[in-house]
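Me: I have a structure open and would like to learn how to read it. Could we go through it feature by feature?

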Amino acid sequence: MQMNKISTVSIAATVAGAFIGAGFVSGQELWQFFGAFGKTGVFMMLLSLSILGSLCVIFTRYCKSTKLFYLDSAIFGDSPKWMNGVFCALEMTIYFFLCVIMTSGFTALIDSFASKTVANALGLSFVVLVGVALFFGLQGLVRLFSLFIPLLVVATVVISAVTLIRNGIVIPSEIENVKENVLLSNPLLSCFLSLSYNFFGSVGILAPLSEKANSKKQLTAGAFLGALFLVIIAISILLAIFSTGTENEALPMLEISKQISPVLAVIYAFLLSSAMFSCSFSSGVCIVLFAEKRFFRSRRKKIIFISLYMLVVYLVSTVGFTGLISTVYPIFGYVGFILIFKVIYNAIHRRKHNV
């Protein structure tokens with residue numbers, strides 16, 4: 001598919017959007033990985049996002065230089081076939097679980113406004129809508145990110161500012177009796193696990209994104225601006241959670257916005273839903289394209305595959321939002337370290353041998 005060139009801001013919004021989903025925007029993911037460690041966690045969060053921005057620069061510039069814009073060639077394309085196969089299988093698995101977590105997060109969001117029955121019904125409607133979008137493909141994803149990421153930055157800053165004016169700035173040195181998850185038992189470990197699984201789950205978007213850019217310099221500027229968007233959102237969310245003590249809520253930022261204004265709560269719920277939909281959509285596209293390329297060609301088989309895929313996504317999503325974040329993300333974080341090492345190796349090898 002021929003892709004038009006895009007602006008630096010659009011690249012930045014898409015980079016940020018690649019990492020933003022229900023866990024990040026709601027505050028649940030940020031709390032479990034960083035907030036629960038207090039001041040140390042805040043520092044580790046900044047470190048993690050800084051390195052993440054740098055990895056985005058390295059990877060997208062490598063893709064642009066080599067003209068490798070596909071998931072199965074940009075990282076392990078020069079490796080043995082079995083290794084590339086394992087990598088692709090793991091990527092498809094994390095994309096599946098991202099769709100699951102977004103669906104679970106959307107159901108939890110509706111549950112905070114309405115009954116459980118209504119939440120489950122609308123959760124099913126959510127997967128149907130994602131399925132329809134998947135059939136028609138990836139067009140418009142960058143525009144969607146370009147629209148809601150700036151709005152999300154503004155909304156989180158406003159909510160955090162109002163909350164801090166009311167309650168004051170509170171950043172505890174440490175928080176006792178909150179780290180029960182053995183996968184996230186240390187702030188430094190959480191820092192690199194968050195970095196690893198986020199990058200692991202984003203390469204399917206970053207590779208084709210590099211093709212849209214006008215130059216490698218634009219990719220560098222866009223990646224760092226995208227990382228800045230993430231920092232602003234993350235700091236605003238954590239400060240608001242610290243100030244209100246809403247860390248035990250499934251969707252802390254939504255509860256905080258409700259305390260400020262019903263209108264603001266509806267606006268944030270809409271932005272949260274947009275983040276969930278975009279993450280589920282972009283993750284699902286990678287799976288559908290991968291399956292379509294290897295297993296089927298006809299429209300009928302594509303419809304059947306998407307229908308079954310979204311049904312399984314919905315059923316698995318009933319496990320629960322918080323539990324999924326605290327288990328799935330850390331596991332893929334450990335696996336993602338291999339990916340990061342390979343991306344850095346590829347970049348160094350290309351520079352050293354000038355290939």
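Reply: What follows takes the whole chain, then some helices, then a few side chains. Keep in mind that this is a predicted model.

Me: Where do I begin? How many helices and strands are there in the protein chain?

Reply: Begin with the secondary structure. The protein chain has 15 helices and zero strands.

Me: What does the radius of gyration of the protein chain tell me?

Reply: It is compared with the value for a compact globule with as many residues. For 355 residues that value is near 20 Å, and the protein chain has 20 Å, so the two agree. Taken along the principal axes, the C-alpha atoms fill a box of roughly 55 × 50 × 40 Å.

Me: What share of the residues in the protein chain is buried?

Reply: Buried residues are those under 20% relative accessible area. They make up 54% of the 355 residues here. Contacts add to this picture: of those with a separation of 6 or more, 85% are between residues 24 or more positions apart.

Me: Can you show me one such pairing of distant parts of a chain?

Reply: Take Ala221, which is in helix H11 (residues 216-244). Ala221 and Thr8 are 213 residues apart along the chain, yet their C-alpha atoms are separated by 6.9 Å. Ala221 itself is partly exposed, at 38% relative accessibility.

Me: How do I check the length of a helix?

Reply: Compare the distance between its end C-alpha atoms with the span expected at 1.5 Å a residue. For H9 (residues 187-200), with 14 residues, the expected span is 20 Å and the end C-alpha atoms are 20 Å apart, which agrees. Helix H4 (residues 39-66) has 28 residues; it reaches 41 Å, close to the expected 40 Å. Just after H4, Lys67 takes a positive phi of about 60°.

Me: Is H9 largely enclosed or exposed?

Reply: Count its buried residues. Eleven of the 14 are buried, so H9 is largely enclosed by the rest of the structure. Among the buried ones are Pro187, Cys191, Tyr197 and Phe200.

Me: What is found at the start of H9?

Reply: There, a side-chain oxygen of Asn186 comes to within 2.8 Å of the backbone nitrogen of Leu188.

Me: Cys191 was on your list. How many disulfides does the structure hold?

Reply: Zero. To judge a cysteine, look for the closest other cysteine sulfur. For Cys191 that sulfur belongs to Cys56 and is 15 Å away, too far for a bond. Cys279 is in no disulfide either, the nearest cysteine sulfur being that of Cys99, 7.3 Å away. Both cysteines are enclosed: Cys191 counts as buried at 0% relative accessibility, and Cys279 counts as buried at 6%.

Me: What does the backbone oxygen of Cys279 lie 3.2 Å from?

Reply: A polar atom of the side chain of Ser282. Ser282 lies in helix H13 (residues 262-294) and is buried, with 3% relative accessibility. Leaving aside residues up to four places away in sequence, Ser282 touches Leu141 and Ile205.

Me: And charged side chains? How many salt bridges does the count come to?

Reply: Two. In one of them, Asp111 meets Lys116 at 3.8 Å, N to O. Asp111 is partly exposed at 30% relative accessibility, while Lys116 is exposed at 52%. Another joins Glu255 to Lys258, with the closest N and O atoms 3.7 Å apart.

Me: Why are Glu255 and Lys258 separated by about one helical turn?

Reply: An α-helix has 3.6 residues a turn, so residues three or four places apart point the same way. Glu255 and Lys258 are three residues apart in helix H12, which puts about one helical turn between them. Glu255 is partly exposed at 21% relative accessibility, and Lys258 is partly exposed at 28%.

Me: Is Ser257, in helix H12, buried or exposed?

Reply: Ser257 is in H12 (residues 252-260) and is buried, with a relative accessible area of 0%. Not counting residues up to four places away in sequence, Ser257 touches Ile159, Leu264, Ala265 and Tyr268.

Notes:
Residues numbered from 1 in each chain as written. Predicted model: local features only at pLDDT ≥ 70, side-chain atom pairs only at ≥ 80, totals over all residues. Heavy atoms only, no water. Helix = DSSP H or I, 4+ residues; strand = E, 2+ residues; numbered from the N terminus. Buried < 20%, exposed > 50% of the residue type's maximum accessible area, 1.4 Å probe, protein only. Contact = heavy atoms within 4.5 Å. Expected span 1.5 Å × (residues − 1). Polar contact = N/O pair within 3.5 Å; in protein donor to acceptor, adjacent residues only side chain to side chain. Disulfide = S-S within 2.5 Å. Salt bridge = Lys/Arg side-chain N within 4 Å of Asp/Glu carboxyl O. Rg over C-alpha atoms; globule rule 2.2 N^0.38 Å.
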